[in-house]
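Here are my notes from going through this model. Have it open alongside, and tell me where you read it another way.

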Amino acid sequence: MLCPMCNSKLKKGKVKEEYLGHELGEFEGFICKKCGETLLTEESAKMAQQKTKERGIFGLAEKTKISRNGNSLMVRIKKQMAEYLGLTEGEEVIIRPEGKKKLVVEVI
Ligand SMILES: [Zn+2]
């Protein structure tokens, strides 16, 4: 099996999986010694997904559309995400760009 990132040979090993800042544990997978890329086996991927479901974080990362309100643009935060973060209407948050490709909303 070859690394999808750099085409080097992958070695079998334990892969630490993390999702949305939650450590999911170690799973059987493949590691690229050259670039550090890791892959899970199909079975491990299912187990990791099961863990995200158990923790209520499955499917939290998703696409959302920007809408307009007057001169401002708005990002919609769906119910599941709001509940996960404990966010309610009227609450203040800090938003800041992280480079040109990431917008961080910080719950305070
Ligand atoms: Zn690689």
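1. A term before we start: two strands count as paired if DSSP finds at least two bridges between them. Please also keep in mind that this is a predicted model.

2. With that in hand, look at strands E1 and E2. They run antiparallel, with 10 bridges joining E1 to E2, residues 22-32. To pick one pair you can click on, Glu 17 has Gly 25 in E2 as its bridge partner.

3. How many strands make up the sheet, and in what order? There are 3, forming an open sheet in the order E1-E2-E3, with antiparallel pairing. At the edges sit E1 (10-19) and E3 (38-40), each pairing on one side only. Going from one strand to the next, the twist averages 50°.

4. Helix H1, residues 42-54, packs on that sheet and touches E1, E2 and E3. Its direction makes about 165° with that of E2. As for geometry, H1 has 13 residues and spans 19 Å from first C-alpha to last, close to the 18 Å expected at 1.5 Å a residue. Check the backbone just after H1 too: Gly 56 takes a positive phi of about 70° there.

5. Further along the chain there is a hairpin of E4 and E5, with 2 residues between the strands. E4 (residues 66-69) and E5 (residues 72-75) run antiparallel and are joined by 4 bridges. Ser 67 stands opposite Met 74 in E5. If you are scanning phi values, Gly 70 in this hairpin is positive as well, near 65°.

6. Now the whole protein. It has 2 helices and 7 strands, and from the N terminus on the elements read β-β-β-α-β-β-α-β-β. Why call it more spread out than a compact globule? Because its radius of gyration is 18 Å, well over the 13 Å that the globule rule gives for 108 residues.

7. A few other numbers on overall shape. The C-alpha atoms fill a box of roughly 55 × 30 × 20 Å along the principal axes. Buried residues make up 6% of the 108, where buried takes 20 or more other C-beta atoms within 10 Å of a residue's own. Of the contacts between residues at least 6 apart in sequence, 31% join residues at least 24 apart.

8. Last, the division into domains. Domain 1 covers 10-54 and domain 2 covers 66-107. Where do their C-alpha centres lie relative to each other? They are 29 Å apart.

Methods
Residues numbered from 1 in each chain as written. Predicted model: local features only at pLDDT ≥ 70, side-chain atom pairs only at ≥ 80, totals over all residues. Domains from an automatic or database assignment. Axes fitted to C-alpha atoms, helices over the stretch in contact; angles between N-to-C directions. Contact = placed C-beta atoms within 7 Å. Expected span 1.5 Å × (residues − 1). Rg over C-alpha atoms; globule rule 2.2 N^0.38 Å. Buried ≥ 20, exposed ≤ 12 C-beta atoms within 10 Å, placed from the backbone.
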